[in-house]
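Ready for some practice in reading a protein structure? Take a look at the model below, then work through the exercises one step at a time.

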Amino acid sequence: MDKPPDEVHATGSVVAGLGLMFAGPLAYALLIDNPAMRSSGAVAVGIMAAGGVLTLSALWRDRRTAVRILGAFNLALLAAFVYAFYIGASLPAPSAAVTVETAPDFTVADHTGTPISLREAHARGPVLLVFYRGHW
Amino acid sequence: MLAIAADAPSDARRMVERNNLNFSVICDTEREVIRAFGLLHKGGALDDSDIAIPAHVLIDRQGRIVWKYISSRIQDRIDPDDVLIRVRESRNE
């Protein structure tokens, strides 16, 4: 027969859920060199979602205050990660200029001080221009 | 291949040395190229300065933009293998 809710202890589930909330971002950091994982965050979110399911099952079975507080904390971590990853990290849409067909020419110095002309560069062959956010 | 960002030359030099990069890193400190390509992210850096939206732009011999990939999120980057496929295509044209 089922025990009444106040006698069921699901401490293990809620603690495991907390572990998975930290394991997700850790896995993301370890897999950051894989472009698909870096972009999608699928592994991190998958691990944290599993933590979310464990947490919800613990909250459903175990109604003690401590479990509720830790469970709420777990779910807050999940929500914060998803928000930061998919919404907080959004970039602005490019303005119209990049939709033009012809690349705007420029001459700007590179890291050694040598002037680089786009027109001269593409005359020698196709140019891949890689815009990046900055060094670190 | 040319890399470009709003970095100061000293920062770019350090990055080139640390990573043994064998291509030019353009230091668009005035953000003129970034702006001309429509890729300015106002206040995008941690110190609130304006930086580039990460993007790959492939330009053919005539100066036409034949392909581009613009990141929609900070973590969003195209797979380098996909970029190489595009570059090989543009060389054969």
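**Exercise 1. Contacts and shape of chain A**

What percentage of the contacts in chain A with a separation of 6 or more is accounted for by residues 24 or more positions apart?

Before we start, note that this is a predicted model, in which local features need pLDDT of at least 70 and side-chain atom pairs count only at pLDDT 80 or more, while totals for chains, interfaces and linings use all residues. Residues are numbered from 1 along each chain as its sequence is written, and chains are lettered from A and ligands numbered from 1 in the order in which they are written.

Solution. Step 1: two residues are in contact if their C-beta atoms, placed from the backbone, lie within 7 Å. Step 2: for chain A, the share is 57%. Step 3: for chain B, the corresponding share is 23%.

Now work out why chain A is described as more spread out than a compact globule.

Solution. Step 1: list the elements, which are DSSP runs numbered from the N terminus (helices: H or I, at least four residues; strands: E, at least two). Chain A has five helices and three strands, in the pattern α-α-α-α-β-β-α-β along the sequence. Step 2: the globule rule (2.2 Å times the number of residues to the power 0.38, with the radius of gyration taken over C-alpha atoms) gives 14 Å for 136 residues, but the radius of gyration of chain A is 25 Å, well over that, so chain A is more spread out than a compact globule. Step 3: look at the box too, because the C-alpha trace of chain A spans about 80 × 30 × 20 Å along its principal axes.

**Exercise 2. A helix checked by ruler**

Find out whether the length of helix H3 of chain A agrees or disagrees with expectation.

Solution. Step 1: the expected span is 1.5 Å times one less than the number of residues. Step 2: H3(A) has 20 residues (42-61) and should span 28 Å; its end C-alpha atoms are 29 Å apart, which agrees. Step 3: see which residues are buried (20 or more other C-beta atoms within 10 Å of the residue's own; exposed means 12 or fewer, partly exposed in between; C-beta atoms are placed from the backbone). Among them are A:Ala44, A:Ile47, A:Met48 and A:Gly51. Step 4: their cover includes helix H1 (11-30) and helix H4 (65-88) of chain A.

**Exercise 3. A sheet built from two chains**

In what order do the five strands of the open sheet lie?

Solution. Step 1: two strands pair if DSSP finds at least two bridges between them. Step 2: the order is E2(B)-E1(B)-E3(A)-E5(B)-E6(B), with mixed pairing. Step 3: the edge strands, E2 (24-27) and E6 (65-70) of chain B, each pair on one side only. Step 4: E3(A) and E1(B) pair in the parallel sense over three bridges, and A:Val130 has B:Ala3 as its bridge partner. E1(B) (residues 2-5) also pairs with E2(B), in the parallel sense over four bridges.

**Exercise 4. Where the chains touch**

How many residues does each chain bring to the contact?

Solution. Step 1: 41 residues come from chain A and 59 residues from chain B. Step 2: E3(A) gives the most to the side of chain A, with five residues. Step 3: that side divides into 25 nonpolar, eleven polar and five charged residues. Here Ala, Val, Leu, Ile, Met, Phe, Trp, Tyr, Cys and Pro count as nonpolar, Asp, Glu, Lys and Arg as charged, and the others, Gly among them, as polar.
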